[in-house]
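Colleague: Could you walk me through this model and tell me how you justify the words you use for it?

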Amino acid sequence: MRADYHMHTEFSFDSNATLHAQLQAAIERELEEICLTDHYEPAYPGLPLWQVDLGARAEALAAADLAPLREKITVRQGAEVGLLDLPGQRAHIHQLVEDHKLDFVIASCHLCQGEDPYYTDFFRKRTRGEAFSLYISELVDLVKTIDDFSVVGHIDFPTKGCPYEDKMLRYTDAPDAIDDLFRYVIDRGKGIEVNTSIFRALGKDTLDLAWLKRYKELGGEIITIGSDAHKPQDVGYAWDSAISLIREAGFGYIATFRQMQPVFHKIS
Ligand SMILES: [Zn+2]
Ligand SMILES: [Zn+2]
């Protein structure tokens, strides 16, 4: 099953890619299934527009002009929820999933104690290991504020802002925080993703197999692949590299989702 489970469209504040362009790109890359995961940030400071209008997106997706593309690929409806420690968030996200009958939710952290790890400032006065540890510990705390999610997004997100020569998250950077996160998601029947936008930030299509193997070792079974594409050229990015790494880490299956339930596909 060639599925890209993390992509944005013009329904996200930071993407201009039309639904047509993203579907077309996915079909060209021979993907069989995609999930639209536009940004839903309950309250990113200063950016109130970071809230996807899921109703408008569903309507646009159902429009007649997309019918020829919809016949060629399965399109699931999801969202990438950017978590903050907000009162009422648990109920709010639950309602969002119910109201829009979402298939899939990525729980992400884009703001770590008020700082955005996407920018190099996050690494000021911190070693690479300290920055990754802080980010993942924060992710553990934030992910506990909601119940309705499928996978945790890009645990290696700070790579994007990392000014050091070695930008890759290594298991040894934050073993305790990574173990805490994995134990939490595994206990609740949730999963993680391999996000290939991190490959683009690294300039090489790889990751530290040690953390992926650790997830498996702790009992992790649910894993999705996502390009995090904000433009058509990134749709399906390095999908083959991602599946090879997942196989190498010992996994026999990847997951897609329908109505928030995982569907497992044997890795061939
Ligand atoms: Zn984005
Ligand atoms: Zn994200």
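Modeller: Sure, starting with the metals: a donor is an N, O or S atom within 2.8 Å of the metal (3.2 Å for Na, K and Ca), and water is not among the atoms, so sites may look incomplete. This is a predicted model, where local features need pLDDT of at least 70 and side-chain atom pairs count only at pLDDT 80 or more, while totals for chains, interfaces and linings use all residues. Residues are numbered from 1 along each chain as its sequence is written, chains are lettered from A and ligands numbered from 1 in the order written, and side-chain values use heavy atoms, without hydrogens or water.

Colleague: What makes Asp14, His39 and His230 donors of the zinc ion (ligand 1)?

Modeller: Their atoms, OD of Asp14 and NE2 of His39 and His230, lie 1.9 to 2.0 Å from the zinc ion (ligand 1), which is within the 2.8 Å limit, so they count. The spacing in sequence is D-x24-H-x190-H. Asp14 sits in the loop between β1 (3-7) and α1 (19-28) and His39 in strand β2 (residues 33-40), so the pair ties together parts 25 residues apart in sequence.

Colleague: Why is Asp14 called partly exposed, and why is His39 called buried?

Modeller: Buried means under 20% relative accessible area, exposed over 50%, and partly exposed in between (1.4 Å probe, protein chains only). Asp14 has 34%, so it falls in between; His39 has 4%, so it is buried.

Colleague: And which residues hold the zinc ion (ligand 2)?

Modeller: Glu80 (OE), His110 (NE2) and His154 (NE2) are its protein donors, at 2.0 to 2.2 Å, with the spacing E-x29-H-x43-H. His110 is in the loop between β4 (104-108) and α5 (128-143) and His154 in the loop between β5 (151-152) and α6 (175-187), so this pair ties together parts 44 residues apart in sequence. His110 and His154 are both buried.

Colleague: How far is the zinc ion (ligand 1) from the zinc ion (ligand 2)?

Modeller: The two are separated by 5.8 Å.

Colleague: Now the helices: at what angle do α8 and α9 pack?

Modeller: Helix α8 (residues 209-217) and helix α9 (residues 239-248) pack at about 55°, axes 9 Å apart. That makes α8 oblique to α9, because angles under 35 degrees count as roughly parallel, over 145 as roughly antiparallel, 65 to 115 as roughly perpendicular and the rest as oblique.

Colleague: Which residues of α8 and α9 meet there?

Modeller: Leu209, Leu212 and Lys213 in α8 meet Leu245, Ile246 and Glu248 in α9, where contact means heavy atoms within 4.5 Å. They divide into four nonpolar, no polar and two charged.

How values were computed. Axes fitted to C-alpha atoms, helices over the stretch in contact; angles between N-to-C directions. Helix = DSSP H or I, 4+ residues; strand = E, 2+ residues; numbered from the N terminus. Nonpolar A, V, L, I, M, F, W, Y, C, P; charged D, E, K, R; others polar.
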